[in-house]
Amino acid sequence: MKIAILPGDGIGPEIIDQAVSVLKALGEPFEMEFAPVGGAGYEASGHPLPEATLKLAQQADAILFGSVGDWKYDTLERTLRPEQAILGLRKNLNLFANLRPAILYPELAGASTLKPEVVSGLDILIIRELTGDIYFGQPRGMRICPDGPFKGQREGFDTMRYAEGEIRRIAHVAFQAAQKRDKRLTSVDKANVLETFQFWKDIVTDVHGDYPDVVLDHMYVDNAAMQLVRAPKKFDVLVTGNMFGDILSDAAAMLTGSIGMLPSASLDANNKGLYEPSHGSAPDIAGKGIANPLATILSAAMMLRYSLGKAEQADRIENAVKKVLAQGLRTPDIYETGTTKVGTVEMGAAVVRALA
Ligand code: NAD
C-alpha cells in the first residue's frame, strides 16, 4: 500500500515526522513517498500543488497531509498561495466528504475552555461538504457594483450554489455514519434566508427516506453554533455545507481543549482519502518543537481505518494516544498544572513506546 506523505509548511513537517514514526512502528509494509506541497511546493517548483505532487496523490492509496500556509506568502497572487494546494487536492481527487470527529478524552476535560460537565464525554462527528458551496461557486471576483446604493463602486462577490447530486452524496455519507453511531443526524442550514440551503434541507429530507432508522432534525447554522457551545453533547452527527462546516468544525475543535487534538478525513466516493489535522500550519510556533502531533497521529489512525482497511492498527494507535494522555504527558497547548510538559518529538516517541 502506497501512502503519499505531504508535510507542507510551518509545523507540518514537525508533526508529520511523528506520525510517520508511529506508522513505521506498526511494522506494516507501507510504501511512503514524500512530496512538497503548499509554500514548500511553491519554493520547489513555483506552484503550491506541483504536478508531481498531484500525480503522487492520485496514484497513492491514501494521502497523509501536514498543513500549508505561511504569512510570508500573503502577498502572492491568490492562485499561488499555499492554501490553494489543499483546495486543488480536494477538487482534483473529488474529496467531497470531510469527517471531523470531536472527542474529548476524559484526561483533557480541564483543558477545554468550557465547564467539564458541559464537555466531559463529548463524542460528536461533524461532516462537512468539501468541494462545493461558496468556496468554489462561479462566478466570483471583483467588479464595479452594477446597482443599488453603492452602484459604481468596486465590489467583491462570490456565488453560493449546490447541485442536487452534491447534496445527495454527502447526505448518504452522513446517514451511513449516523447508522454506525447513535443514529441521530442534525442537518445544519440557513434555509430561512438562503435558497441554496432551502434546497439542501429538501434534499436531505428526501434522502432520509432511505434511512428510516436514523432520527433526522434540521437546525439553522446560527442556532447550531450556539448549541455547540451550550450543550454540545446533545449532538451525534452533524452534516452541513462547506462554509458552515468550516466554521462549526473549528468551534467544535475548541470544545475538545485544543485544535492540536483533532484529526480529519476527506474522502471520495470510494473511501480513498486525504488525512490531515484540523488545524493549520501554526506559523507562530513553527520550529519551536512544541506543536502537538496528536491530531496528525490520530489522522494516520483514521487513514488506516477508512482507506487502508487496517482497523486493528487504527485501534492500536488510538489506544496508544489514550495511554500517553493517561500517563500525564502534555504538549503546551493542552498542559495543565500537575501534568508533564513535553515537546513534539517527545510526544511522538511516547506514542511509539505506548504502541508496544
Ligand atoms: P492555525 O490552526 O495554524 O493556528 C491557530 C492557533 O492554534 C495558533 O495559535 C497555533 O499556534 C495553534 N495551533 C495550531 N495547531 C497546533 C498544534 N498542533 N499544536 C499546538 N498549537 C496549535 O490557524 P491560523 O493561524 O488561522 O492559520 C495559520 C496558517 O495555516 C494560515 O496560512 C492558514 O491559511 C493555514 N491553514 C491551513 C490549513 C490546512 O493546511 N488545511 C487549515 C487552516 C489554516
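Which residue follows H9, and what is the sign of its phi? In this predicted model, helix H9 is followed by Gly257, whose phi is positive, near 105°. The helix itself has 14 residues, and the distance from its first C-alpha to its last reaches 20 Å, close to the 20 Å expected at 1.5 Å a residue. The buried residues of H9 are Asn242, Phe244, Gly245, Leu248, Ser249, Ala252, Ala253 and Leu255. These residues lie on the same side of H9, because they cover an arc of only 165° around the axis. In general, an α-helix has 3.6 residues a turn, so residues three or four places apart point the same way.

Two of the buried residues of H9, Ser249 and Ala252, also appear in the lining of the largest cavity, together with Arg100, Pro101, Ala102, Ile126, Leu262 and Ser278. The elements that give two or more residues to this lining are strand S4 (97-103) and helix H9 (242-255), and S4 gives the most, with three residues. By class, the lining has five nonpolar, two polar and one charged residues. The volume of this cavity is about 30 Å³, and the count of cavities of 30 Å³ or more comes to one.

Strand S4 and helix H9 are also linked through a salt bridge between Arg100 and Asp250, so the pair ties together parts that are 150 residues apart in sequence. The closest N and O atoms of this pair are 3.5 Å apart. Arg100 counts as buried because its relative accessibility is 9%, whereas Asp250, at 35% relative accessibility, counts as partly exposed.

The structure holds 16 salt bridges, among them one between Arg181 and Asp236, whose closest N and O atoms are 3.0 Å apart. This pair links distant parts of the chain, with Arg181 in the loop between helix H6 (164-179) and strand S8 (184-189), and Asp236 in the loop between helix H8 (221-230) and strand S10 (237-240), 55 residues apart. Arg181 is partly exposed, with a relative accessible area of 27%, while Asp236 counts as buried at 4% relative accessibility.

A further salt bridge is formed by Lys2 with Glu31, the closest N and O atoms being 3.8 Å apart. Lys2 lies in strand S1 (residues 2-8) and Glu31 in strand S2 (residues 31-34), so this pair ties together parts that are 29 residues apart in sequence. Lys2 counts as buried at 18% relative accessibility, whereas Glu31 counts as partly exposed at 45%. Salt bridges that share partners join Lys2, Glu31 and Glu33 into one network.

Definitions and conventions
Residues are numbered from 1 along each chain as its sequence is written. This is a predicted model: local features need pLDDT of at least 70, side-chain atom pairs count only at pLDDT 80 or more; totals for chains, interfaces and linings use all residues. Side-chain values use heavy atoms; hydrogens and water are left out. On a 1 Å grid over the protein atoms alone, a cavity is a set of points where a 1.4 Å probe fits but cannot get out, and a pocket is an open set with protein on both sides within 12 Å along at least five of seven lines; lining residues have an atom within 4 Å of a point. Grid points are joined across faces, edges and corners, and a volume is the space filled by probe spheres set on the points. Helices (H or I, at least four residues) and strands (E, at least two) are DSSP runs, numbered from the N terminus. Ala, Val, Leu, Ile, Met, Phe, Trp, Tyr, Cys and Pro count as nonpolar, Asp, Glu, Lys and Arg as charged, and the others, Gly among them, as polar. The expected span of a helix is 1.5 Å times one less than its number of residues. Buried means under 20% relative accessible area, exposed over 50%, partly exposed in between (1.4 Å probe, protein chains only). The arc is that of the directions from the helix axis to the C-beta atoms. A salt bridge is a side-chain nitrogen of Lys or Arg within 4 Å of a carboxyl oxygen of Asp or Glu.
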